[in-house]
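User: I'd like to go through the reasoning behind a few labels on this model. Can we take them one at a time?

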Amino acid sequence: MDRDIIAAISTAWGEAGIGVVKVSGKGSRNLVNGIFRGARSLLQTPPRHMSYGRLVDGFGEAIDEVLVVWFMPPKSYTGEEVTEIHCHGGSLVAKRCLEEVLSAGARMADPGEFTRRAFLNGRIDLAQAESVIGIIRARSAEALKAATRSLSGEFSNRVKEIYEKIMNLSVLVEADLDFPEEDIPFLDNSEAVERLQQIGADLSKLIVRARTGNLLREGIRIALVGRPNVGKSSLLNAFLSEARAIVTSIPGTTRDVIEEVLTHRGVPLRLVDTAGIRRPSDEAEAIGVERARAALLEADVRIWVIDGNEPLRGEDREIASHLAGKPHIVAVNKADLPLEVSSDDIHDLLPGSTVRIISAETGSGVEDLKDDMVRLFAGGGTLDEGLNTTARQLEELRLAGQAIGHALEAFAGALGEDAAAAGLSDARKCLERILGISADDSLLDAVFASFCIGK
Ligand code: GDP
């Protein structure tokens, strides 16, 4: 199917050595050739060979000295005829080149549209397409490895293997349903149970690796909680000062909540600075406090900082009551001073909590606290086996596991093959949505919405 010609700047915005305008679609070479003046026409240039020349506007006026190259389908990123213009870096010049391409008849590409076309043209499956964004956003070597593994198809292949096992089993179950008059069933009960258990185990194994990859990709959102003066800001500084070189500040949803990101064992630790939680003195501040509270609720884990140099107070007990049932770690701070709080005191309030004795001032225990957080989320999976996945893909895997569980119950509890077939079919659909088999537009829109323009 021929799609229209799309174009976008594929390099980052701002000053740089070069800028690349990518143009994809049948006829893109001809289109670019129309605004290109070089020693040899692009139409006479073999694919994947650079041509040097100038890019001109509608009046024949030169915009920039450029290198152009074209790729013959299907050997291109999108699988279509792709033409690239390599111009000088700088926000204005790349923009001018793009404008000329657009006035020559191309359409501005939507976010992720090049990758979407690569998927639609069968170059990659949907799971691979989603890993592209993982590569772009990777914050650590481990996250990059996990994303590269997924792009090369490792995640997709594991999903496909399970998909095929479900498919083979479904065929037998359906056959039994279609031909009930056969004396010998196509599938006996114990074999069905055995196969389903194997599929369930495969899925669980994959979920562990996927969860690790997701952790490397998304990181852990951490909120520091505790009453004033216990050392929250000091702890934040202790986290950050050690990792100064790799710390980045990302403005949160508002200017009131700042997120600092550092990586520990390859996992981005996203520290939400909720230092603003205090009694609001005016309306503007009240909004800030409200947002800080929301950040606290949305955090994956809360570090409750306690002043270990003072006995627990009523305020502490109130904070503890809010933490019960939510993932948290208790950091007993100021361990360089005599300790007035014991682990037992804390376990009286929050049984089973992880308690870490630290000193934000001297830095003792801070490294262990970071390990605690990663351990809490990495679970049984080792970090170097991660497969890059999005939350969406993880959810589909989880639902597939649930559906297989239903099928298993149906066989074991004699609910009948109808129910088993339904479970198998549900599981199949989940995996189809991961791989993008018969994906509808709304699913693709949701997947590619997070992409940048030009990718
Ligand atoms: P916050 O209000 O919870 O953010 O607390 P701060 O980080 O501002 O710390 C309050 C006070 O406790 C400051 O005077 C810090 O220097 C001090 N403090 C913080 N952590 C430690 C620590 O580990 N040991 C000691 N001795 N003092 C600390």
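Analyst: Sure, here are some questions about the ligand site and the nonpolar cores, keeping in mind that this is a predicted model.

User: What makes the pair between Val230 and the ligand a polar contact?

Analyst: A polar contact needs N or O atoms within 3.5 Å. A backbone N or O atom of Val230 sits 3.3 Å from a ligand oxygen, so the pair qualifies.

User: And what about the side chains of Asn333 and Ser359?

Analyst: Same cut-off of 3.5 Å. An N or O atom in the Asn333 side chain is 3.1 Å from a ligand nitrogen, and one in the Ser359 side chain is 3.2 Å from a ligand oxygen. Both pairs therefore count. As for cover, the ligand alone exposes 580 Å², and the protein buries 72% of that.

User: Which residues come nearest to the ligand, and which helix gives the most to its shell?

Analyst: Of the 15 residues around the ligand, Asn229, Lys232, Ser233, Ser234 and Asp336 come nearest. Helix H8 (residues 232-242) gives the most, with three residues. The shell splits into four nonpolar, six polar and five charged residues.

User: Why is the set with Phe155 and Ile404 called a nonpolar core?

Analyst: Because its members are buried residues of the listed nonpolar types, joined through side-chain atoms within 4.5 Å. This largest core has 34 residues, with Phe155, Ile166 and Ile404 among those with the most contacts inside it. Helices H6, H7, H13 and H14 each supply at least two of its residues. A second, separate core of 30 residues includes Ala143, Ala238, Ile303 and Ala360.

Conventions: Residues are numbered from 1 along each chain as its sequence is written. This is a predicted model: local features need pLDDT of at least 70, side-chain atom pairs count only at pLDDT 80 or more; totals for chains, interfaces and linings use all residues. Side-chain values use heavy atoms; hydrogens and water are left out. Buried means under 20% relative accessible area, exposed over 50%, partly exposed in between (1.4 Å probe, protein chains only). Helices (H or I, at least four residues) and strands (E, at least two) are DSSP runs, numbered from the N terminus. A residue is near a molecule or strand if one of its heavy atoms lies within 4 Å of it. A polar contact is a pair of N or O atoms within 3.5 Å; within protein, one must be able to donate a hydrogen and the other to accept it, and residues adjacent in sequence count only if both atoms are side-chain atoms. Accessible areas come from the Shrake-Rupley method with a 1.4 Å probe; for residues, only the protein chains shown count as cover. Ala, Val, Leu, Ile, Met, Phe, Trp, Tyr, Cys and Pro count as nonpolar, Asp, Glu, Lys and Arg as charged, and the others, Gly among them, as polar.
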